[in-house]
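Got your viewer open? Let's take a short walk through this structure, one selection at a time.

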Amino acid sequence: MSKRIEVKDLNVYYSKFLAVEGVTMTIEPRSVTAFIGPSGCGKSTFIRTLNRMHEVIPNARVEGKVLMDGNNLYDPGVDPVLVRRQVGMVFQRPNPFPTMSIRENVIAGAKLNNQRMSKKEGDELVERSLRGANLWEEVKDRLDRPGAGLSGGQQQRLCIARAIAVSPEVILMDEPCSALDPISTLAIEDLIEELKKDYTIVIVTHNMQQASRVSDRTAFFNIAGTGKPGKLIEYDNTDTIFSNPSVQATEDYVSGKFG
Ligand SMILES: Nc1ncnc2c1ncn2[C@@H]1O[C@H](COP(=O)(O)OP(=O)(O)OP(=O)(O)O)[C@@H](O)[C@H]1O
Ligand SMILES: [Mg+2]
């Protein structure tokens, strides 16, 4: 578990529109990497290229490479479905499957991979994943109730349980706390701290305190203007980005002067 991601000269397009240009960066395993930057600079676009989700949009494409432990995700012959199994994603709005119980939500993805899972294997996976997502104690007595009946923060942890149930190597999170209250946000942040022992974690956040609390490395993205591509401006240890960045635009952004 937990892989190193190397991005090389990545350009990301929506049809002819170059949304993100020339990203080269290495994301370390067993660490948390935060992506920050003003709205529209391409953070969501870029993070979705790390599990080949960008290309589900018609006419969307990428140029360049994304290597996971040396293997290019964009090599011909690589199955994007397998990539998405290795690289899980958690979204801004908690999105448990609405008609499924808590239990079914957790094992939904794993069941696609292993149709013959026994009841016992399923039970073990559900408990392990919910414990991993710090949700077990809160839901163990109501596993057959609808996932949609949980609070927002619990639903988000359910989505994290669902993501880790398929044993991914990498977990991508695009503003996972933006719809949550401060207590649930702290619960997710604690969970991220736990998960980084086993996974490579990338998190997009608009919350500077959150980036500095949870991440080891921070990447600042920016755009020069409307219609211009987003670019990676500075990437360094989180402490350095927040206390002593090299680029003026980073300093202005993290100190709240714009964005
Ligand atoms: N499906 C799409 N089709 C065409 N253009 C898109 C699409 N999704 C995003 N874009 C454009 O790509 C650029 C980057 O958008 P993106 O959503 O990646 O920004 P972001 O940094 O995640 O912003 P935010 O902080 O608001 O979430 C924007 O100009 C946006 O309008
Ligand atoms: Mg976004």
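Before you click anything, sort the amino acids into classes: Ala, Val, Leu, Ile, Met, Phe, Trp, Tyr, Cys and Pro count as nonpolar, Asp, Glu, Lys and Arg as charged, and the others, Gly among them, as polar. Keep in mind, too, that this is a predicted model.

**Stop 1: the ligand.** Select ligand 1 and show the 13 residues around it. Which of them come nearest? Look for Tyr14, Ser39, Lys43, Ser44 and Thr45. By class, the shell around ligand 1 holds five nonpolar, seven polar and one charged residues. Now colour β2 (17-27) and α1 (43-49), the elements that each give two or more residues to this shell. The top contributor is α1, with three residues.

**Stop 2: a helix crossing.** Next, select α3 (residues 102-113) and α4 (residues 119-132). How do they cross? Their axes come within 9 Å and make an angle of roughly 105°. Angles from 65 to 115 degrees count as roughly perpendicular, so that is what α3 is to α4.

Zoom in on the contact and show side chains. From α3 you'll find Arg103, Val106, Ile107 and Ala110, and they meet Gly122, Leu125, Val126, Ser129 and Leu130 of α4. Sort this contact into classes and you get six nonpolar, two polar and one charged residues.

**Stop 3: what's tucked away in α3.** Stay on α3 and pick out its buried residues: Ile102, Arg103, Asn105, Val106, Ile107 and Ala110. What covers them? Switch on α4, α5 (136-139) and α6 (152-165), which are included in that cover.

Technical notes. Residues are numbered from 1 along each chain as its sequence is written. Chains are lettered from A and ligands numbered from 1 in the order in which they are written. This is a predicted model: local features need pLDDT of at least 70, side-chain atom pairs count only at pLDDT 80 or more; totals for chains, interfaces and linings use all residues. Axes are lines fitted to C-alpha atoms, for helices over the stretch in contact, and angles run from 0 to 180 degrees between N-to-C directions. Helices (H or I, at least four residues) and strands (E, at least two) are DSSP runs, numbered from the N terminus. Angles under 35 degrees count as roughly parallel, over 145 as roughly antiparallel, 65 to 115 as roughly perpendicular and the rest as oblique. Two residues are in contact if their C-beta atoms, placed from the backbone, lie within 7 Å. A residue is buried if 20 or more other C-beta atoms lie within 10 Å of its own, exposed if 12 or fewer, and partly exposed in between; C-beta atoms are placed from the backbone. A residue is near a molecule or strand if its C-beta atom, placed from the backbone, lies within 6 Å of it.
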